[in-house]
Amino acid sequence: MAIHIQMSEEAEQNLKKAQLRNKLSAVLSCLLFLGLGGLSLWAVKELIEEVLPPSFAAYEEPRTEEPPNPNPVTSEEMASAESSASPEAASPMLVADSATAVSMPISAPSMDMGDGLSLEVGLGDGFGSGDLGEGLGGGGDGLGSTEGGGSTLVGTFYDLKKTARGGASGLNGGFENQNKVIDALSKCFSFNSWNETALNKYYKSDRKLYASNWYLPVASAKYGPIAYQVGDPKKPETQWVCKPSAWVAVYRGTVKAPVTGKFRFIGTGDDFFAVRFKGKTVLDAGYRLPTLWDPKNPKACWISGGDGQQWRDNIKSGKDKQRKNYDFITGIPGCGIWDRELGGLVAGNHFDVKEGEECEIEIAISEIPGGKFGFILFIEELDKKGNPVDSTKGKKYDLFRTTDSNPDVKKVMKALKDAGCYTDEANIPFNEDSYVWEVVAQ
């Protein structure tokens with residue numbers, strides 16, 4: 001006997017409602033899932049940047065038109081340059097190959113400055129070797145390299161004949177105008193302070209140079225403007241933003257003392273060379289010293305030949321209290337011209353450092369009337385009494401350097417000759433294993 005069970009009308013309606021709810025819930029769940037999936041795909045596409053592997057493309061010089069020259073050449077400047085300048089063939093610029101750390105000469109392309117000025121675009125050094133210091137970066141020789149970075153001091157070039165905007169400053173080169181130039185320099189460089197603000201009133205080259213040593217046998221004063229690319233060796237009669245006189249280059253940075261001890265700088269330059277270390281002038285030397293300027297007695301700052309005999313006597317007798325440690329060193333090969341005309345290289349005031357101590361340093365190099373130009377900077381370690389640790393006769397002196405590379409003398413000489421800047425004396429020997437005064441990253 002079969003038993004039939006029939007659902008009541010109310011129960012059947014409740015079952016249909018439950019089925020409807022389940023269907024709606026399933027549909028909504030599917031829509032929500034699809035929405036979230038689409039949102040995720042949009043986020044991947046729009047919000048997450050694709051990381052591409054690095055690639056390198058060869059550099060191509062921009063073809064954009066150069067801006068107008070902010071420092072137009074006047075009719076006076078279009079006249080012939082000073083007697084030391086002479087037309088030269090295009091000179092190869094020496095550059096550092098960063099991949100191989102090997103220097104090679106290349107032909108530098110020219111850059112049109114808008115009014116006929118054709119300046120050499122340096123791709124490497126200001127006629128330096130550009131050898132890279134192992135692990136410390138490049139720095140070039142001479143006045144430095146155009147490539148920044150590494151353990152180098154930064155050099156800035158100022159033309160005292162022009163204002164910051166490129167107009168005439170009222171100063172000119174030449175022997176007859178040198179006292180006016182020295183007077184202007186004295187406002188920037190006194191023995192007790194160096195005034196960068198006073199320098200900023202003069203024309204400043206856009207080009208910076210980065211130096212790790214200061215070694216330049218006697219050359220032509222054209223070398224400075226050429227190295228900083230405000231002079232053109234191809235057409236010296238006309239193509240000069242800065243004629244080769246009345247200019248100054250200042251190198252600045254902070255170095256780390258390699259050891260604890262007492263030291264002094266030894267060096268000189270034509271016409272003015274000075275070093276400020278830890279806020280004090282520790283060396284000033286050369287043919288004309290703005291740090292000795294006296295408008296009532298202008299020749300008191302002329303220290304070449306017989307003009308400087310009284311100054312040298314005051315140092316040796318102890319009358320010059322500011323330069324109490326100064327001394328004169330002669331007989332270094334290649335420095336004969338400075339022995340004859342300046343009484344030797346100048347050994348400056350002593351200073352103490354502790355290993356790892358960070359010390360601010362500034363180096364100033366200036367050409368005043370024009371003509372010859374050059375400089376050298378050694379550093380000597382002293383004992384506690386102030387005597388040289390190495391007193392060997394005929395020793396090679398330590399070149400002051402901020403990388404573990406040394407000047408390539410042959411390349412420096414060749415570059416100077418190619419640029420028409422070589423004169424006579426060269427090849428000053430130096431110790432190739434001197435301390436490295438590493439520059440602190442700023």
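Let me begin with one aromatic cluster, which is formed by Trp214, Tyr251, Phe263, Phe265, Phe277, Phe351, Phe400, Tyr435 and Trp437. I should say at once that what we are looking at is a predicted model.

For orientation, the protein chain has seven helices and 18 strands, and of its 442 residues, 49% are buried. If we take the contacts in the protein chain with a separation of 6 or more, 74% of them are between residues 24 or more positions apart. The accessible surface comes to about 22500 Å², and carbon and sulfur atoms account for 53% of that surface.

Now back to the rings. The count of aromatic pairs comes to 23. One of them is the pair of Phe157 and Tyr228, which is tilted, with 5.1 Å from centre to centre and 35° between the planes. This pair links distant parts of the chain, since Phe157 sits in strand β5, residues 153–163, while Tyr228 belongs to the loop between α4 (223–227) and β9 (247–256), 71 residues apart. Are these two rings buried or exposed? Phe157 has a relative accessible area of 0% and is therefore buried, and Tyr228, also at 0% relative accessibility, counts as buried too.

A further pair is made by Phe189 and Trp194, whose ring centres lie 5.1 Å apart and whose planes meet at 85°; with the cut-off for edge-to-face set at over 60 degrees, the pair is therefore edge-to-face. Both Phe189 and Trp194 are buried.

Finally, a ring can also have a charged residue for a neighbour: Arg288 lies over the face of Trp302, at 4.2 Å from the ring centre.

Key:
Residues are numbered from 1 along each chain as its sequence is written. This is a predicted model: local features need pLDDT of at least 70, side-chain atom pairs count only at pLDDT 80 or more; totals for chains, interfaces and linings use all residues. Side-chain values use heavy atoms; hydrogens and water are left out. Rings of Phe, Tyr and Trp (its six-membered ring) pair if their centres lie within 6.5 Å; planes under 30 degrees apart count as stacked, over 60 as edge-to-face and the rest as tilted. Helices (H or I, at least four residues) and strands (E, at least two) are DSSP runs, numbered from the N terminus. Buried means under 20% relative accessible area, exposed over 50%, partly exposed in between (1.4 Å probe, protein chains only). A charge sits over a ring if NZ of Lys or CZ of Arg is within 6 Å of the ring centre and within 35 degrees of the ring normal. Contact means heavy atoms within 4.5 Å. Accessible areas come from the Shrake-Rupley method with a 1.4 Å probe; for residues, only the protein chains shown count as cover.
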